Amino acid sequence: MLTITTNKAQQNAAPSFWQKIKPTNWLSPDQILGVLVLAILAILVLLPMLMVVIQPLLHWVEVGSDAAGLGEIFKRRLWMASLKNSLYLSIGAGLIGGVMGAMLAIARHSYRFPGSRYVDLVVWCILIIPSFVIAQGWVLFASRSGIATQLTGSSFVSELIFNPNGLVFIMAMKNFPLAYLAMSAALQWSMKNLSLAGRLCGRPAWQVFFTIRLPLLLPALLSGVVLVFIDTIGDFGLPAALATSYRYPTLPYTIYAAINHSPIRFDLAGILATYLAIIMFIALAAYFWILRAKPYQFLSSQTGMQETPVAPYSKLLATSVWSFLFVAVGIPIGTSFMVSFMGQLWNGFFIGNFSAINYINLFAERSLFADSLVNSITIAGQSAILSGILAFLAAYLLTFTSNGMNKIIDSACTLSMAIPGVILGVGFIFVWNSPWLSTIGLNLYGKSELLVLASTATSVPVAVRILMGAMAQVPLSQLNAARLQGAGLARRLYTIVMPLVLTAIISATLSGFGSSIFELAINSMLRPPRFEMLAPFVSAQFNSGEYGISTAAVFIAGTVAAIIIAVCNALLRRHFGHLIKE
């Protein structure tokens, strides 16, 4: 009786203060994980973006009426020219690239033709190749001393490319894969019943296409246009490659110049970054509005997958498609590969001008290339691991939980996918160069750790999308059953979710590694002094006229990165072979 009374007294005793404030008493494990992931994303994405937007206001509070405000852009000719050039370039590339991608997708998914199965592979290669590599290839091909001029003896190609309309064409050819993918997703389902109904009403095939099929694809077409616009207006690679060949300032490059050229003006960079961020937010809002379009729904219980019959003029269609893809990727990459074996570009095509000396010189004594390659691989490896872990946890929350933080987590991931590296780099400078962080020893500006954090922020969004696609196939009932058996969150993640999506985890991690190696904007803005990184090294060599060295560096680094990815992929699949089902 005494024991029973004592136990009842212990059960009825009031909890202590520390027991009351213990997080597990008022938050579930999933909610605690959500708070942790949201806090990390806030530091990596939301806080830098917030600092960019409010930086002009903070500078006005600090300096007073003498501070440069948002209206300063109308007083500076270079800034105004950068804004106009960026808008012209992105709007033109968005419209032209959107139509290019849509037409290619319609041809690819409506008919079969020789080599049609490899179109997707080539499109993905164009999407993955860094924009500054494509831009450098076009500069080497179309400049007045370039390959086209030497082959034809005319400056026609140079005059055709090096003008605003020619640059619009280059960016459209680089970014049309975004529109292609958007349209391809909409073409998976057949509109055969609607098209047959139109034909039975006496309408010719071309009229059925323009009055039935194309209007129903309008959201996908507009989404592609907006995606190309977003990627173009934030592109840093094209103006960086054109710096010594053609003066065409854009907002991203002007922001970079304000921070990296003397005198350094963080306040002016903040104003330009604010304008760029506002344009991006408007474009993203338009994109999400298009995705929610209701009147274009046509799927029903009778809708099947899109069939692809043999094209009526298959050889003509194949010739058109592959000629287009050759211009998009074959000319710039082929030109760069050729130049990598040339001693001097302007010496022309004679046998003595071709050798492997550029590749040999890259590994000469005290080679900056070797240091930059090792540093880039190290930074990319660290950020890939961090982004893989963070993306795995974020994808779990977005797929299997329904707490109120998911919308913010999803928005942060989407935002970091669309925001240019220049804006993210400026935001990181504003956050991590703050004086108050120095007082607590957290001033990371000028240290390599900041590159790891910034690369992680840029790698997370793609990794999250890859993992969410894999986790969507995992039944929630399996996790609920494990929870009823007493398995905690960590055990459910380790024993159920991770084994089922391990292939996607490997792919997401390695994709983050590959994209981080050739990141130009962030590495140029945030690298410490005398800390060589690959993309800035290639850009610097190109701008100094060492075209053979810069192109050789690209191909060696690309080959090394591909080998590392292939080896890591094979080793990981072998180690976890018992968990992976091919």
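In this predicted model, helix α7 (residues 131-142) and helix α28 (residues 534-543) have axes that come within 12 Å and cross at roughly 15 degrees. Angles under 35 degrees count as roughly parallel, so α7 and α28 run roughly parallel to each other. The crossing of α7 past α28 is left-handed. On the α7 side, the contact is made by Phe-132, Gln-136, Val-139 and Leu-140, and on the α28 side by Ala-535, Val-538, Ser-539 and Phe-542.

A second helix pair tells another story. Here helix α23 (residues 448-471) and helix α26 (residues 502-517) have axes that come within 9 Å, and they cross at roughly 155 degrees. With the cut-off for roughly antiparallel set at over 145 degrees, α23 and α26 are therefore roughly antiparallel to each other. This time the crossing, with α23 passing α26, is right-handed. From α23, the residues that take part are Ser-455, Ser-459, Val-462, Ala-463, Ile-466, Leu-467 and Ala-470. They meet Ala-504, Ile-505, Ala-508, Ser-511, Gly-512, Ser-515 and Ser-516 in α26.

Zooming in on a single residue, Ser-184 sits in helix α10, which covers residues 164-186. Ser-184 has a relative accessible area of 9% and so is buried, given that the cut-off is under 20%. Its side chain reaches the backbone oxygen of Tyr-180 at 2.7 Å. Leaving aside residues up to four places away in sequence, Ser-184 touches Ala-105 and His-109.

Stepping back to the whole protein, the count is 29 helices and 0 strands. Of its 582 residues, 49% count as buried. Among the contacts with a separation of 6 or more, 79% are between residues 24 or more positions apart.

As for confidence, the protein averages a pLDDT of 81, and 82% of the residues score at least 70. Over residues 17-21, though, the pLDDT is below 50, and this stretch has 5 contacts in the model beyond near neighbours in sequence. Residues 297-305 also stay under 50 in pLDDT, and for them the model has 16 contacts beyond four places in sequence. Where pLDDT is low, the predicted coordinates should not be read in detail.

Note on methods. Residues numbered from 1 in each chain as written. Predicted model: local features only at pLDDT ≥ 70, side-chain atom pairs only at ≥ 80, totals over all residues. Heavy atoms only, no water. pLDDT = per-residue confidence, 0-100. Contact = heavy atoms within 4.5 Å. Helix = DSSP H or I, 4+ residues; strand = E, 2+ residues; numbered from the N terminus. Buried < 20%, exposed > 50% of the residue type's maximum accessible area, 1.4 Å probe, protein only. Polar contact = N/O pair within 3.5 Å; in protein donor to acceptor, adjacent residues only side chain to side chain. Axes fitted to C-alpha atoms, helices over the stretch in contact; angles between N-to-C directions. Parallel < 35°, antiparallel > 145°, perpendicular 65-115°, else oblique. Left-handed = near helix turned anticlockwise from the far one by under 90°.
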